[in-house]
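Reader: I would like to go through this structure term by term. Please justify each label as we meet it.

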Amino acid sequence: MDFRDTPEEAAFRAEVRAWLHEALTDAWFDDPDPRPADPERSEELRRWWQRQLYDAGWAGLTWPTDYGGRGGTMVQQVIFNEESARARAPEPIGVIGLYMAGPTILA
């Protein structure tokens, strides 16, 4: 099996990486553990991150555009998740709704 990105997937990965670097800033990447230790601050960060994802159209990546999503593929979702993990991005506050409840309702 060939697990390398297709040219389209590589372009998508580059788009995701560029957006993450813009959204999270260099200071985020320079910190070995950028997550706040304070639970209230952590929740505030995750709410902020959810807003960034939504405003940029990344929330609900695989959801149909008619329902506020981007209409992306599962491979694009995997790429987005890989790059988010690589960037140590915060977990969205609504992760259960985005990845489990919403898709179940849509189905």
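Reader: What makes the radius of gyration of the chain agree with a compact globule?
Author: This is a predicted model, and every value here is computed from it. With 107 residues, a compact globule would have a radius of gyration near 13 Å. The chain has 15 Å, so the two agree. Along the principal axes, the C-alpha atoms fill a box of roughly 40 × 35 × 25 Å.

Reader: Which secondary structure does the chain have?
Author: There are 4 helices and 0 strands. Read along the sequence, the pattern is α-α-α-α.

Reader: What share of contacts joins residues at least 24 apart?
Author: Take the contacts between residues at least 6 apart in sequence. Of these, 66% join residues at least 24 apart.

Reader: Why is R13 called buried?
Author: Buried means under 20% relative accessible area. R13 has 13%, so R13 counts as buried.

Reader: How do you know that R13 and E82 form a salt bridge?
Author: The cut-off is 4 Å between a side-chain nitrogen of Lys or Arg and a carboxyl oxygen of Asp or Glu. The closest N and O atoms of R13 and E82 are 2.9 Å apart, so the pair qualifies. R13 lies in helix α1 (residues 7–30) and E82 in helix α3 (residues 74–86), so the bridge ties together parts that are 69 residues apart in sequence.

Reader: What is the N to O distance between E83 and R13?
Author: It is 2.7 Å, and the two side chains meet in a salt bridge. E83 lies in helix α3 and R13 in helix α1, so this pair ties together parts that are 70 residues apart in sequence.

Reader: Are E82 and E83 buried or partly exposed?
Author: E82 has a relative accessible area of 37%, so E82 is partly exposed. E83 has 3%, which is under 20%, so E83 counts as buried.

Reader: Which residues are linked with R13 in a network of salt bridges?
Author: D5, R17, E82, E83 and R86 are linked with R13 in that network. By the same 4 Å rule, the count of salt bridges comes to 11.

Reader: What makes E15 and R70 a salt bridge?
Author: Their closest N and O atoms are 2.9 Å apart. The limit is 4 Å, so the pair qualifies. This pair links distant parts of the chain: E15 sits in helix α1, R70 in the loop between α2 and α3, 55 residues apart.

Reader: Why are E15 and R70 called partly exposed?
Author: Partly exposed lies between the buried limit of 20% and the exposed limit of 50%. E15 has 37%, so the label fits. R70 has 30%, so the label fits there too.

Reader: Which residues touch the most other members of the largest nonpolar core?
Author: They are W19, L20, W49, L53, W58 and F80, out of 16 residues in that core. The elements that give two or more residues to the core are α1, α2 and α3. The largest share, 6 residues, comes from α1. In soluble globular proteins, nonpolar side chains tend to be buried together. Across the chain, buried residues make up 30% of the 107 residues.

Reader: What does L53 contact, leaving aside neighbours within four places in sequence?
Author: L53 is in contact with W19, W58, A59, F80 and P92.

Reader: Why is I96 called exposed?
Author: Exposed means over 50%. I96 has a relative accessible area of 54%, so I96 is exposed. I96 is found in helix α4 (residues 95–106). Together with Y99 and M100, I96 forms a nonpolar patch on the surface, with about 320 Å² of accessible area. The accessible surface of the chain comes to about 7300 Å², and 55% of that belongs to carbon and sulfur atoms.

Reader: Is G97 buried or partly exposed?
Author: G97 has a relative accessible area of 35%, so G97 is partly exposed. G97 lies in helix α4. Not counting residues up to four places away in sequence, G97 touches W63, G102 and P103. G97 and G60 are 37 residues apart in sequence and 9.4 Å apart in space, C-alpha to C-alpha.

Reader: What makes E44 partly exposed?
Author: E44 has a relative accessible area of 48%. The exposed label needs over 50%, so E44 stays partly exposed. E44 lies in helix α2 (residues 39–56). The C-alpha atoms of E44 and R4 are separated by 37 Å, and the two residues are 40 apart along the chain.

Note on methods. Residues are numbered from 1 along each chain as its sequence is written. This is a predicted model: local features need pLDDT of at least 70, side-chain atom pairs count only at pLDDT 80 or more; totals for chains, interfaces and linings use all residues. Side-chain values use heavy atoms; hydrogens and water are left out. Patches are made of residues with over 30% relative accessible area and no salt bridge: like charges are joined within 9 Å, nonpolar side chains (Val, Leu, Ile, Met, Phe, Trp, Tyr) within 5 Å. Accessible areas come from the Shrake-Rupley method with a 1.4 Å probe; for residues, only the protein chains shown count as cover. Buried means under 20% relative accessible area, exposed over 50%, partly exposed in between (1.4 Å probe, protein chains only). The radius of gyration is taken over C-alpha atoms; the globule rule is 2.2 Å times the number of residues to the power 0.38. Contact means heavy atoms within 4.5 Å. A nonpolar core is a set of buried Ala, Val, Leu, Ile, Met, Phe, Trp, Tyr and Cys residues joined through side-chain atoms within 4.5 Å.
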